[in-house]
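Dear colleague,

I am handing over the structure below, and I would be glad if you kept it open while you read. The notes that follow it go through what was found, place by place.

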Amino acid sequence: MHSALFISKTGLAAQDRQLTTLSNNLANASTVGFKRDRAIFEDLLYQIKRQPGAQSTQNTLLPSGLQLGSGVRVVGTQKEFTTGALQVTDQSLDIAINGRGFFQIQTANGDVRYTRNGQFQLNQDNRVVDVNGFELQPAIDLPAGTDRITIGKDGVVSAHIAGEVDEVQLGTITLVDFVNPSGLQALGSNLFAETPGSGAPIEAIPGNDGVGFLEQGMLEASNVDVVKEMVDLITTQRVYELNSKVVSAADEMLRFIAQNV
């Protein structure tokens, strides 16, 4: 069997995974706080027919040798945690992170997860939660009669109660950062989980220790660049077609040999 068939098969499989990655990026172009994925390719093992640097004569060496590749594979996907554009919503519980960092969310089973999506709301207990009802950590409870909430760039949360003169400080929204955010496990629902590859979460006050400031009344848009994704999509399609043509060419060569030799 012609080795080009197997090599082209790996190319087709790799481009198929690239297409899956691009389609997920485009599908989430409007998802708040979404971070695009980038497929990482690597070439496979080589057959060394003539060793580079081997002696061709007693006094001369092979300058390049003869090395035949065996294809390609996708070895991973990397999240790109660049900050998306900040969009003004004028909603008091919409919070964007301008810079590095993640909000902490406590799920129903008590696990702490991490997100860049700052679309928060109030639950039946006047506690700040995300769109799935999971509580923001540290917990922020609004007193009864609150008619205005203020969230500072440093995360300090204050509320104005109807009939009162002074605002009441409710707490501070802290952020966490990771040595390697790309090592976080994506769980869906805009949530991430800590892994050994990400390192342990490092909690900090917004604006300190390298984490970003908070922006009330704003949301961070997806960092997907639709134009770039479309260009990559066209490139992926063309590479897929070329690998298909290699399969066709190898098949024609084998057919010719079978019929004429």
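Asn126 sits in the loop that runs between β9 (121-122) and β10 (128-129), in what is a predicted model. Its phi is near 65°, a positive value in a residue other than glycine, and with a relative accessible area of 27% Asn126 is partly exposed. As background, most residues other than glycine have a negative phi, and most peptide bonds are trans. Asp209, in the loop between β18 (202-204) and β19 (213-216), also has a positive phi, in this case near 55°; at 66% relative accessibility, Asp209 counts as exposed, since the cut-off for that word is over 50%. A further loop, the one between β11 (135-137) and β12 (146-151), holds Pro138, and the peptide bond that joins Gln137 to Pro138 is cis, with omega at about -5°.

The two helices α1 and α2 come next. Helix α2 covers residues 226-260, and because its 35 residues at 1.5 Å a residue should span 51 Å, the 51 Å between its end C-alpha atoms agrees with what is expected. At the N-terminal end of α2, Asp225 acts as a cap, with a side-chain oxygen 3.2 Å from the backbone nitrogen of Val227. Helix α1, with 25 residues, reaches 36 Å from its first C-alpha to its last, which is close to the 36 Å expected at 1.5 Å a residue.

How do these two helices lie against each other, and at what angle do they pack? The angle between α1 and α2 is about 160°, with their axes 9 Å apart, and as angles over 145 degrees count as roughly antiparallel, the two helices are therefore described in that way. The crossing in which α1 passes α2 is left-handed.

The buried residues of α2 are Glu229, Asp232, Thr236, Asn243 and Ala250, and what covers them includes α1 (3-27). Asn243, placed in helix α2, counts as buried because its relative accessibility is 15% and the cut-off is under 20%. Leaving aside its neighbours within four places in sequence, Asn243 is in contact with Ser8, Gly11 and Leu12, and these three residues are among those buried in α1.

On the side of α1, the buried residues also include Ala4, Leu5 and Gln15, and the cover over the buried residues of this helix includes β1 (37-43), β4 (72-79) and α2. Gln15, which lies in helix α1, counts as buried at 12% relative accessibility. If residues up to four places away in sequence are not counted, Gln15 touches Phe41, Thr236, Val239 and Tyr240. Gln15 and Val247, which are 232 residues apart in sequence, are 15 Å apart in space, C-alpha to C-alpha.

Finally, please look at strand β1, where Glu42 lies. Glu42 is partly exposed, with a relative accessible area of 32%, and its side chain makes a polar contact of 2.7 Å with the side chain of Arg73. Apart from its neighbours within four places in sequence, Glu42 is in contact with Gly71, Val72, Arg73 and Val75. The C-alpha atoms of Glu42 and Val74 are separated by 6.5 Å, although these residues are 32 residues apart along the chain.

With best wishes

Conventions
Residues numbered from 1 in each chain as written. Predicted model: local features only at pLDDT ≥ 70, side-chain atom pairs only at ≥ 80, totals over all residues. Heavy atoms only, no water. Helix = DSSP H or I, 4+ residues; strand = E, 2+ residues; numbered from the N terminus. Expected span 1.5 Å × (residues − 1). Buried < 20%, exposed > 50% of the residue type's maximum accessible area, 1.4 Å probe, protein only. Contact = heavy atoms within 4.5 Å. Polar contact = N/O pair within 3.5 Å; in protein donor to acceptor, adjacent residues only side chain to side chain. Axes fitted to C-alpha atoms, helices over the stretch in contact; angles between N-to-C directions. Parallel < 35°, antiparallel > 145°, perpendicular 65-115°, else oblique. Left-handed = near helix turned anticlockwise from the far one by under 90°.
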